[in-house]
Amino acid sequence: MTLLCEGRVAIVTGAARGVGREHALLLAKHGAKVVVNDLGAAVDGSGADTSPAQEVADEIKAMGGEAVVNGDDVGNFDGAKNMVDQAINTFGQLDILVNNAGILRDRMLVNMTEEEWDAVVHVHLKGTFAPTRHAASYWRAMSKQNDGPVYGRVINTSSTSGIYGNVGQTNYGAAKAGIAAFTVIAARELSRLGVTVNAISPSAYTRMTDYLREYTEDEIEERAPRWVSPTVVWLASEEAGDISGRVIQAGAGMVAVCEGWRRGAEVDAMEDPVALGPKIREMCGKVRKNSGMDGFELD
Ligand SMILES: NC(=O)c1ccc[n+]([C@@H]2O[C@H](COP(=O)([O-])OP(=O)(O)OC[C@H]3O[C@@H](n4cnc5c(N)ncnc54)[C@H](O)[C@@H]3O)[C@@H](O)[C@H]2O)c1
């Protein structure tokens, strides 16, 4: 078997269960040493318990791999630094950062509380920025020290809720769309160091999604979180150095590369809003509509 991440060191956030657990196990299977980060929170972000993360680290060790547990909150700037430092101090380097930790506080906009907004933005958006910021400064220092590129890899976690838009999730969707934008911009900034930054948009049957509807046995197998991880492991490898700034859907029977916002129909600038209005309506009729949650055009 070809090992895609032999000798590389990875952090996977929110790796105690669901999709993150599968990322950690498959990265370890491909030779990576893994920092298994997880606060051990409930779906809504409350509580803390590192024993599920310890179980994943034990599973990796039982298959002959190397792993340590980290219980920091990814949205805490100092905690994220501690996590990055732990990887470097324990395994001597850091090569891969998978930002996966997440929570949900769904609510229709008119009823959403400030706390529900802040909690979700904290874990997802700041929880992507903070670890990436500390990893990036480490990689910049390494690139200076080696006088050459490093093979750093960041794989963020967006969602169809963010890139396409899901009702009841203005907090989560805005954070996930922010992560997609963060991915594109960070990819541009870090390319000169030899660091790639991509995002996945997973679809998987986990405790975060099992309440949505009834699933058949076949659907549960097709949506098993392990189907998301091969994309992450390949993006994490040195082989994937030419792929950056992409958002890739993975899971539920497919892998699909997403296409972002782009300029559509246009007219010359107009001073008179009365005359401009009908032109805007005409252009809106000409361009492709926004996607539905399946990623295709709405009828
Ligand atoms: N399951 C899906 O279909 C789906 C779809 C779109 C996006 N996602 C995203 O995939 C990621 C994983 O989701 P999942 O379905 O595996 O959910 P999950 O609830 O099974 O796992 C999320 C993990 O993140 C941990 N966590 C929460 N807050 C944390 C914090 N502040 N610091 C560290 N760890 C924290 C939790 O303890 C939990 O173990 C999330 O970012 C989620 O938004 C999942």
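Student: How many residues surround the ligand in this predicted model?

Tutor: A residue is near a molecule if one of its heavy atoms lies within 4 Å of it. Among the residues that surround the ligand, the closest are Val 19, Asp 38, Asn 100, Tyr 172 and Thr 206. The number of residues around the ligand is 30.

Student: How do the residues of the shell around the ligand divide into nonpolar, polar and charged?

Tutor: Tyr counts as nonpolar and Gly as polar in this division. The shell around the ligand then holds 11 nonpolar, 13 polar and 6 charged residues.

Student: Which helices and strands each supply at least two residues of that shell?

Tutor: Three helices do so: α1 covers 18-29, α4 covers 114-146 and α6 covers 170-190. A strand, spanning 196-203, also supplies at least two residues. The elements asked for are α1, α4, α6 and β6.

Student: Which residue places a backbone N or O atom 3.2 Å from a nitrogen atom of the ligand, and how much of the ligand's accessible area does the protein cover?

Tutor: Two side chains approach oxygen atoms of the ligand: a polar atom of Arg 17 lies 3.0 Å from one, and an N or O atom of Lys 176 is 3.0 Å from one. The backbone atom at 3.2 Å from a ligand nitrogen belongs to Val 74. On its own the ligand has 830 Å² of accessible area, and the protein covers 97% of this.

Student: Is Val 167 buried or exposed?

Tutor: Val 167 is found in the loop between α5 (160-165) and α6. Together with Met 108 and Val 110, Val 167 forms a nonpolar surface patch with about 350 Å² of accessible area. Exposed means over 50% relative accessible area. Val 167 has a relative accessibility of 66%, so Val 167 counts as exposed.

Student: What is the phi of Asp 147, and is this residue buried or exposed?

Tutor: Asp 147 is found in the loop between α4 and β5 (153-157). Phi of Asp 147 is positive, about 55°, although the residue is not a glycine. With a relative accessible area of 72%, Asp 147 is exposed.

Student: Where does Ala 252 lie, and is Ala 252 buried or exposed?

Tutor: Ala 252 lies in the loop between β7 (247-251) and β8 (254-257). Phi of Ala 252 is near 55°, a positive value in a residue other than glycine. Buried means under 20% relative accessible area. Ala 252 is at 19% relative accessibility and therefore counts as buried.

Terms used:
Residues numbered from 1 in each chain as written. Predicted model: local features only at pLDDT ≥ 70, side-chain atom pairs only at ≥ 80, totals over all residues. Heavy atoms only, no water. Polar contact = N/O pair within 3.5 Å; in protein donor to acceptor, adjacent residues only side chain to side chain. Areas by Shrake-Rupley, 256 points an atom, 1.4 Å probe, with all protein chains shown as cover. Helix = DSSP H or I, 4+ residues; strand = E, 2+ residues; numbered from the N terminus. Patch = residues over 30% accessible without salt bridge, like charges linked within 9 Å, V, L, I, M, F, W, Y side chains within 5 Å. Salt bridge = Lys/Arg side-chain N within 4 Å of Asp/Glu carboxyl O. Buried < 20%, exposed > 50% of the residue type's maximum accessible area, 1.4 Å probe, protein only.
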